[in-house]
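Here are some notes to keep beside you on a first walk through this model. They start with one pair of strands and work outwards from there.

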Amino acid sequence: MPMPNLRPGGMSNLRPGGRNARQSRTLPRIPVPVARAVVDCAVYVDGIRQPGRITYSDAFTKVRESGEGFVWLGLAHPDDEQMTGVGEVFGLHELVVEDAVHAHQRPKLEVYDDMQFLVLRTVSYVEHESMEKASEVVETGEIMVFAGRDFVITVRHGDHTHLHNLRRRMEARPERLALGPTAVLHAVADKVVDSYLAVSERMEDDVVSIESTVFSRQQRWLNIEPVYLLRREVLELRRAVTPLAGPMSRLASDNTLVPKEIRRQFRDVSDHLSTVIERVVEYDEVLSSLLDAAATKVSIQQNSDMRKISAWVAIAAVPTMVAGLYGMNFDILPGMHDRQGFGLLCLAMLIVCGALWATFRRSHWL
């Protein structure tokens with residue numbers, strides 16, 4: 001029988017529990033149940049929430065068997081396995097299941113047979129004392145909505161994307177929920193676009209503050225970093241808002257999957273979105289102009305500083321030149337052996353330096 005490989009001292013490197021044995025082991029991944037990602041799940045019939053707690057699979061089976069109502073399932077930060085399990089129950093396409101897990105999607109609307117998949121970028125205004133002390137102005141997240149014939153699934157990513165209050169408001173208006181899953185789709189889109197309006201209004205104050213700072217005469221030194229920061233945040237808001245115009249237009253047009261009453265309300269959402277887009281574009285243009293103005297102002301400040309430095313260097317060059325000449329120990333220099341020579345030399349230097357100072361002063365260099 002072949003002997004095991006022994007290390008010096010007679011110790012085998014194959015002993016149980018050794019380092020190599022531990023490295024060869026792989027710990028199995030413990031699956032997290034889908035219930036951990038479920039925020040709320042309910043069946044709605046004629047817009048009224050049915051009592052009792054129920055799993056999403058049982059709720060979907062109940063709706064399909066009865067042919068009445070729809071299921072509203074709310075998920076938060078699901079992983080691959082959790083979302084795959086939901087997709088198998090509701091018959092979701094594998095591509096949209098993958099999109100629902102991986103956030104940072106572009107706002108879009110996709111249609112798969114009788115199901116609509118809407119991706120919305122959410123924004124939240126970050127409170128700050130001033131732009132000089134701010135590190136972030138807009139915080140983003142995502143909400144994804146699957147609206148089928150008898151189900152609606154909302155998947156959210158981000159700490160500010162809660163839909164609890166929205167569900168409660170809709171449950172208080174059963175006539176709205178009676179219109180079906182597309183009513184939830186509209187409510188979510190309306191909530192997100194309203195948040196765009198609120199954030200854009202708050203950002204207007206920041207733009208005005210930056211504008212007043214750039215063109216202020218009292219402020220001697222201009223810090224250009226807040227202008228770059230705000231423009232970056234405006235671009236972030238623009239990336240969240242602008243691509244949504246196409247999906248809202250499609251939902252407001254002759255979409256056979258959206259009832260006529262809901263399409264009318266989507267038109268209102270589309271109008272609000274257009275208002276936000278116009279504001280964001282205006283902010284972007286203003287900040288671009290402010291960046292140019294701020295860069296010009298900084299350049300003027302630097303030129304002014306260079307003029308002052310050059311003027312003082314020119315004034316200091318006079319006594320430096322005289323000191324350099326008289327420091328060469330030559331006897332032929334004027335005033336070397338005269339008692340009054342030193343005083344006259346100092347007086348001449350002061351007169352020349354004063355004349356230079358007056359000249360630079362009249363030229364606004366000093």
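1. Let's begin with β8 and β9, which pair in the antiparallel sense over six bridges. Two strands count as paired if DSSP finds at least two bridges between them. Three residues lie between β8 and β9, and the two strands form a hairpin. To find your place in it, look for Ile143, which stands opposite Arg156 in β9. Helices (H or I, at least four residues) and strands (E, at least two) are DSSP runs, numbered from the N terminus.

2. A word on what you are looking at. This is a predicted model, in which local features need pLDDT of at least 70 and side-chain atom pairs count only at pLDDT 80 or more, while totals for chains, interfaces and linings use all residues. Residues are numbered from 1 along each chain as its sequence is written, and side-chain values use heavy atoms, with hydrogens and water left out.

3. Is β8 mostly covered or mostly open? Eight of its 10 residues are buried, so to speak of β8 as mostly covered is fair. Buried means under 20% relative accessible area, exposed over 50%, and partly exposed in between (1.4 Å probe, protein chains only). On its other pairing, β8 joins β7 in the antiparallel sense over 10 bridges, and Tyr125 stands opposite Val138 in β8.

4. Now step back to the whole sheet. Seven strands form an open sheet in the order β4-β3-β5-β9-β8-β7-β6, with mixed pairing. Its edge strands are β4 (48-49) and β6 (108-112), each of which pairs on one side only. The parallel part includes β5 and β9, joined by six bridges; here Gly74 stands opposite Thr154 in β9.

5. Helix α3 (residues 80-90) is a good next stop. Its buried residues are Gln82, Met83, Gly85, Val86, Gly87 and Phe90. Which elements cover them? Among them are the helices α2 (56-66) and α4 (94-101), together with the strands β5 (70-76), β8 (138-147) and β9 (151-157).

6. Both ends of α3 are worth a look. At the N-terminal end, Asp79 acts as a cap, with a side-chain oxygen 3.3 Å from the backbone nitrogen of Glu81. After the helix comes Gly91, whose phi is positive, near 70 degrees.

7. The structure holds 19 salt bridges, a salt bridge being a side-chain nitrogen of Lys or Arg within 4 Å of a carboxyl oxygen of Asp or Glu. One of them joins Glu236 to Arg121, with the closest N and O atoms 3.3 Å apart. This pair links distant parts of the chain: Glu236 is in helix α8 (residues 225-241) and Arg121 in strand β7 (residues 115-125), 115 residues apart. Arg121 is buried, with a relative accessible area of 11%.

8. Glu236 has a second partner, Arg239, in a salt bridge of 2.8 Å, N to O. Why can these two meet within one helix? Glu236 and Arg239 are three residues apart in helix α8, and are therefore separated by about one helical turn. An α-helix has 3.6 residues a turn, so residues three or four places apart point the same way. Arg239 counts as partly exposed, at 47% relative accessibility.

9. Helix α8 also reaches helix α10. Asp284 forms a salt bridge with Arg238, the closest N and O atoms being 2.5 Å apart. Asp284 sits in helix α10 and Arg238 in helix α8, 46 residues apart, so the pair again links distant parts of the chain. Asp284 is buried at 7% relative accessible area, whereas Arg238 is partly exposed at 29%. Elsewhere, salt bridges that share partners join Asp40, Arg49, Arg167, Arg168 and Glu171 into one network.

10. On the surface, Met306, Ile309 and Val313 make a nonpolar patch of about 290 Å², and Ile309 lies in helix α10 (residues 260-326). Patches are made of residues with over 30% relative accessible area and no salt bridge, where like charges are joined within 9 Å and nonpolar side chains (Val, Leu, Ile, Met, Phe, Trp, Tyr) within 5 Å.

11. Last, the overall picture. The protein has 11 helices and nine strands, and buried residues make up 41% of its 366 residues. Its accessible surface comes to about 21,300 Å², of which 55% belongs to carbon and sulfur atoms; these areas come from the Shrake-Rupley method with a 1.4 Å probe, and for residues only the protein chains shown count as cover.

Key:
Contact means heavy atoms within 4.5 Å. A polar contact is a pair of N or O atoms within 3.5 Å; within protein, one must be able to donate a hydrogen and the other to accept it, and residues adjacent in sequence count only if both atoms are side-chain atoms.
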